[in-house]
Amino acid sequence: MKHIYIVLIKAHTGLGKFARMFSKYDYTHIAVSLDSSLTDFVTYSRRRHYLPLDAGFMHEYRDYYAFGRHSKVKVKVFDLPVEEHCYEDVLRFISSCEGDEEQKFNLFSMVTMSIFHGFRIYKAHNCMSFCGRVIQLTGVISMEKPYYKYSIQEMDALLEKNFYFEGMLKRKSSPDYDNYMKRGSIWELIRTGSNTIFTLIKRMIFDRSRIEDEG
């Protein structure tokens, strides 16, 4: 039996704080950890802290969450005990995301979640759809709707019986932290944001029929 950890994060980002003002719910980010030490997290997120639309598949670390002056980050963790063959399915899915340079961050589904309740774009995920797909592949949890239609709060409720830990994680240093925190220029902000938006629009128009090929 293997273990996969679904981790809800109370993000210290400006967007996270803004979302909490309206939702009154702590957790605004979600990731997967394959290790009970909770030091390496995989998800879809920004690749650099100050370039929010330069986003895609990411390995994140504790100091990405407890950045700057923060020494801790609040998390809620769920432990999913997974059969070997399902664990291999999860690893294959993660590997397919990590190894595909065409993968994009599904910004449109994320920002309209409260209206449209999630939708797919070819070769695109956000943190919710990525973790939803992992949960589905574990075979541990019965999901009553498509994996990409679960919000973080809904996944919180869905995983209630697999609760593992809630509290503060202490910051730990990671090798790439300085690059992650490197400030981008206005040009980088515009360029990366435009690339994300235009690529997603193009795929929504021209690649709709290819979504089902992804499974």
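Helices and strands are taken here as DSSP runs, a helix being at least four residues and a strand at least two, and both are numbered from the N terminus. In this predicted model, Lys 123 falls in the loop between H5 and S7, and that loop is a convenient place to begin.

**Lys 123 and its partners**

Lys 123 has a relative accessible area of 16% and is therefore buried, the cut-off for that class being under 20%. Its backbone has a phi near 50°, a positive value in a residue other than glycine. Most residues other than glycine have a negative phi. His 117 is found in the loop between H5 and S7 as well, and its phi, near 60°, is again a positive value in a residue other than glycine. Unlike the buried lysine, His 117 is partly exposed, with a relative accessible area of 43%.

The side chain of Lys 123 meets that of Asp 100 in a salt bridge, with 3.1 Å from N to O. Because Asp 100 lies in the loop between H3 and S6 while Lys 123 lies in the loop between helix H5 (113-116) and S7, this pair ties together parts that are 23 residues apart in sequence. Both Asp 100 and Lys 123 are buried. Glu 102 also forms a salt bridge with Lys 123, the closest N and O atoms being 3.8 Å apart. Since Glu 102 lies in the loop between H3 and S6, and Lys 123 in the loop between H5 and S7, this second pair ties together parts that are 21 residues apart in sequence. Glu 102 itself counts as partly exposed, at 42% relative accessibility.

A search of the whole structure finds 10 salt bridges, among them the pairs tabulated here.

| Salt bridge | N to O distance |
|---|---|
| Asp 100 and Lys 123 | 3.1 Å |
| Glu 102 and Lys 123 | 3.8 Å |
| Glu 154 and Lys 145 | 2.9 Å |

In the pair formed by Glu 154 and Lys 145, the glutamate is partly exposed with a relative accessible area of 32%, and Lys 145 counts as partly exposed at 30% relative accessibility. Elsewhere, Lys 10, Asp 26 and Lys 74 are linked in a network of salt bridges.

**Helix H3**

Helix H3 (residues 84-98) has 15 residues, which at 1.5 Å a residue should span 21 Å, and its end C-alpha atoms are 21 Å apart, in agreement with that expectation. Cys 86, Tyr 87, Val 90, Phe 93, Ile 94 and Cys 97 are the buried residues listed for H3. They cover an arc of only 120° around the axis, which puts them on the same side of H3. An α-helix has 3.6 residues a turn, so residues three or four places apart point the same way. The face turned away from the buried side of H3 carries the exposed residues His 85 and Arg 92. What do the buried residues of H3 pack against? Their contacts include strands S1 (2-9), S3 (40-48), S4 (51-61) and S5 (72-82), together with strand S7 (124-125) and helix H6 (127-138).

**Helix H9 and its surface patch**

The 21 residues of H9 should span 30 Å at 1.5 Å a residue, and the end C-alpha atoms of H9 are indeed 30 Å apart. Its buried residues are Thr 192, Gly 193, Thr 196, Thr 199, Leu 200 and Arg 203. They cover an arc of only 135° around the axis, which puts them on the same side of H9. These buried residues pack against S4, strand S6 (104-105), helix H4 (107-111) and S7.

On the other side of H9, Ile 186, Trp 187, Phe 198, Ile 205 and Phe 206 are exposed. Phe 198, which lies in helix H9 (residues 186-206), counts as exposed at 57% relative accessibility. Phe 198, Ile 201, Met 204, Ile 205 and Phe 206 make a nonpolar surface patch of about 540 Å².

**Arg 46 in strand S3**

Arg 46 has its place in strand S3 and counts as buried at 15% relative accessibility. Its C-alpha atom is 6.5 Å in space from that of Gly 56, although the two residues are 10 residues apart in sequence. Leaving aside residues up to four places away in sequence, Arg 46 touches Thr 13, Leu 15, Leu 51, Pro 52, Asp 54, Ala 55, Met 58 and Tyr 180.

Definitions and conventions. Residues are numbered from 1 along each chain as its sequence is written. This is a predicted model: local features need pLDDT of at least 70, side-chain atom pairs count only at pLDDT 80 or more; totals for chains, interfaces and linings use all residues. Side-chain values use heavy atoms; hydrogens and water are left out. Patches are made of residues with over 30% relative accessible area and no salt bridge: like charges are joined within 9 Å, nonpolar side chains (Val, Leu, Ile, Met, Phe, Trp, Tyr) within 5 Å. Accessible areas come from the Shrake-Rupley method with a 1.4 Å probe; for residues, only the protein chains shown count as cover. A salt bridge is a side-chain nitrogen of Lys or Arg within 4 Å of a carboxyl oxygen of Asp or Glu. Buried means under 20% relative accessible area, exposed over 50%, partly exposed in between (1.4 Å probe, protein chains only). The expected span of a helix is 1.5 Å times one less than its number of residues. The arc is that of the directions from the helix axis to the C-beta atoms. Contact means heavy atoms within 4.5 Å.
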